[in-house]
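Open the model in your viewer and keep the selection tool at hand. The tour goes stop by stop.

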Amino acid sequence: MIHIKICGLTRRKDIEDVLELGIKIIGLNFYPKSLRYLPFREAEKIIKGITGVSKIGVFVNPDEKLLFEYVGKLKLDGVQLHGNEPPALVKKFKKLFPEKIIIKAIRVKNKDSLKKLKQYKPDFFLLDTYVEEIPGGTGKKLNYSLLEGEKLPWNKIFLAGGITPENVGEILKKFRPYGIDVASGVEIAPGVKDIEKVKK
């Protein structure tokens, strides 16, 4: 079974709609430069009382104190680190929050990028498209040829990067990751989801 993570949610209605479809993992983006940025107070409002789903906070090179504060105050189920965070931060997070999920994103520029998977010990990795200066959510398709023939821990990997209802079947014929992470591929506008695309 491939798990589906819908990322970049900014509206309560969209969260409720994806939960109705049986989605079990959602992403809330706390990176201020993101088109899907969710301020703390807004996040509090839209996830209040929401249960039965893993709420993952997405951060890019966060201040440690702020990261831990968000996790505690918003009762997040885990975090996704999407920047150049050191392996030590992953280790520290797991020590402080052993019951929480931690996903380390790796932007795949070339085959050498995959060596980073050996440097970190998170619960999961997320492989995303490399775009200069943009940490994620670009909508650009990952160069899947870079993954072919590589011995990767697929049971711990989410694939991301330009996944849409039109190409997801083709991607999953080639690879069997733990899950897929979708944001722009199921949107009307940044942060506004199209429930019909999510269904597909």
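**Stop 1: strand 8 and its neighbours**

Select strand 1 (residues 3–6) together with strand 8: the two run parallel and are joined by four bridges. Keep in mind that this is a predicted model. Now pick Ile 4. Opposite Ile 4, in strand 8, stands Ile 180.

Add strand 7 (residues 157–159). Strand 7 also runs parallel to strand 8, and two bridges join them. To see one of the pairs, select Phe 158; its bridge partner in strand 8 is Gly 179. Then trace the backbone between these two strands. From strand 7 the chain passes through helix 5 (residues 168–174) and on into strand 8, a right-handed β-α-β crossover.

Stay on strand 8 and colour its residues, 179–182, by burial. Which residues lie on each of its two faces? Gly 179 and Asp 181 are on one side, Ile 180 and Val 182 on the other. All four are buried, so both faces are covered, as the 20% cut-off for buried residues defines it.

**Stop 2: strand 5, between strands 4 and 6**

Select residues 101–108, which form strand 5. Six of its eight residues are buried, and the strand is mostly covered.

Show strand 4 (residues 78–81) next. Strand 4 pairs with strand 5 in the parallel sense, over four bridges. Click Gly 78, then Ile 101: Ile 101 is the bridge partner of Gly 78 in strand 5. The connection between the two strands runs through helix 4 (residues 87–96), and this β-α-β crossover is right-handed.

Now show strand 6 (residues 124–129). Strands 5 and 6 are parallel too, with six bridges between them. Use Ile 103 as a marker; its bridge partner in strand 6 is Phe 124.

Move along strand 6 to Thr 129. Is Thr 129 buried or exposed? Its relative accessibility is 8%, so Thr 129 counts as buried. Draw a distance from its side chain to the backbone nitrogen of Leu 142: you should read 3.2 Å.

**Stop 3: helix 2 and its two sides**

Select helix 2 (residues 40–47) and look along its axis. Colour the buried residues Phe 40, Ala 43, Ile 46 and Ile 47. They sit on the same side of helix 2, because they cover an arc of only 130 degrees around the axis.

Which exposed residues are on the face turned away from the buried side? Arg 41 and Lys 45 are there.

Next, show what covers the buried residues of helix 2. The cover includes helix 1 (12–20), strand 2 (25–29), strand 3 (54–59) and helix 3 (64–74). Finish this stop at Gly 49, which follows helix 2 and has a positive phi, near 80 degrees.

**Stop 4: zoom out**

Switch to a cartoon of the whole protein chain. Its secondary structure comes to six helices and ten strands. Along its principal axes, the C-alpha trace spans about 45 × 40 × 30 Å.

How does the radius of gyration agree with that of a compact globule, and what is its value? The protein chain has 16 Å; a compact globule of 200 residues would be near 16 Å, so the two agree.

Colour the chain by burial: 51% of the 200 residues are buried. Last, bring up a contact map. Of the contacts between residues at least 6 apart in sequence, 51% join residues at least 24 apart.

Technical notes. Residues numbered from 1 in each chain as written. Predicted model: local features only at pLDDT ≥ 70, side-chain atom pairs only at ≥ 80, totals over all residues. Heavy atoms only, no water. Buried < 20%, exposed > 50% of the residue type's maximum accessible area, 1.4 Å probe, protein only. Pairing = 2+ DSSP bridges. Right-handed = clockwise from strand over helix to strand, strands pointing away. Polar contact = N/O pair within 3.5 Å; in protein donor to acceptor, adjacent residues only side chain to side chain. Arc of directions from axis to C-beta. Contact = heavy atoms within 4.5 Å. Rg over C-alpha atoms; globule rule 2.2 N^0.38 Å.
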